[in-house]
Amino acid sequence: MPYDLTYVSRATTPLTPAQLADLLRVCRAHNEELGVTGALLYEGGHIMQVLEGDQPTVEALYEVIAQDPRHREVAVVAAGPVSRRQFADWSMGFRDLSTDRSEFAQDARAFFASRTLLGERRPSAAQRLVLALRHSLVAFP
Ligand SMILES: Cc1cc2nc3c(=O)[nH]c(=O)nc-3n(C[C@H](O)[C@H](O)[C@H](O)COP(=O)(O)O)c2cc1C
């Protein structure tokens with residue numbers, strides 16, 4: 001049974017499109033080797049990432065990612081076994097909502113803002129955002 005881990009964090013300094021593209025290139029190659037799939041949402045310095053795969057692989061990768069100095073305030077919002085992968089076709093799907101005015105972007109901003117107000121663990125709000133993210137991924141930033 002696949003294991004799914006979703007975390008949120010904040011970029012230490014805002015990531016430029018070039019830095020995001022570099023990050024994606026490395027992550028996609030590495031995740032493909034590991035059999036990990038998932039997606040990364042970026043919104044004005046806020047990050048949400050979903051990782052899915054074998055539990056030990058996902059947990060070990062999360063430990064590496066959580067130590068990465070490019071972001072901080074890293075906190076798991078949801079983790080556990082799932083019946084099937086939500087991002088099976090994506091070694092790392094991506095969406096940058098920083099300059100986006102869509103309803104989805106507004107929902108994402110509200111999610112990140114309420115995270116600060118209500119604390120870290122908001123699994124149902126995160127899950128709604130993950131579902132919206134599934135329908136709005138791009139192959140390259
Ligand atoms: C927001 C964020 C998300 C990341 N996601 C992944 C990921 O999904 N897969 C991955 O291999 N590395 C990811 N990384 C990078 C790792 O922290 C680390 O730099 C990388 O795995 C090390 O690669 P190396 O083997 O080339 O040293 C992420 C880093 C950041 C800042």
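**The ligand and its surroundings**

Sorted by class, the residues in the shell around the ligand comprise nine nonpolar, four polar and two charged ones. The structure that holds this shell is a predicted model, and the paragraphs that follow go from the ligand outwards to the chain.

In total, 15 residues surround the ligand, and the closest of them are Cys-27, His-30, Asn-31, Gln-49 and Asp-68. Two of these closest residues also appear among the polar pairs: a polar side-chain atom of His-30 lies 2.5 Å from an oxygen atom of the ligand, while for Asp-68 the distance between a side-chain N or O atom and a ligand oxygen atom is 2.6 Å. Arg-70 likewise places a polar side-chain atom 3.2 Å from an oxygen atom of the ligand. Of the 630 Å² of accessible area that the ligand has on its own, the protein covers 75%.

As for location, the ligand sits in the largest pocket. Helix 1 (17–34), strand 3 (46–53) and helix 2 (55–66) are the elements that give two or more residues to the shell around the ligand, and helix 1 gives the most, contributing four residues.

Turning to the chain as a whole, four helices and five strands are present, and, read from the N terminus on, these elements follow the order β-α-β-β-α-β-β-α-α. The radius of gyration of the chain is 14 Å, close to the 14 Å that the globule rule gives for 141 residues, and the chain is therefore as compact as a globular protein of that length. Taken along the principal axes, the box filled by the C-alpha atoms of the chain is roughly 35 × 30 × 30 Å.

Terms used
Residues numbered from 1 in each chain as written. Predicted model: local features only at pLDDT ≥ 70, side-chain atom pairs only at ≥ 80, totals over all residues. Heavy atoms only, no water. Near = heavy atom within 4 Å. Polar contact = N/O pair within 3.5 Å; in protein donor to acceptor, adjacent residues only side chain to side chain. Areas by Shrake-Rupley, 256 points an atom, 1.4 Å probe, with all protein chains shown as cover. 1 Å grid on protein atoms, 1.4 Å probe; cavity = no way out; pocket = protein on both sides within 12 Å on 5 of 7 lines; lining within 4 Å. Sits in = over half its atoms within 2 Å of the grid points. Nonpolar A, V, L, I, M, F, W, Y, C, P; charged D, E, K, R; others polar. Rg over C-alpha atoms; globule rule 2.2 N^0.38 Å.
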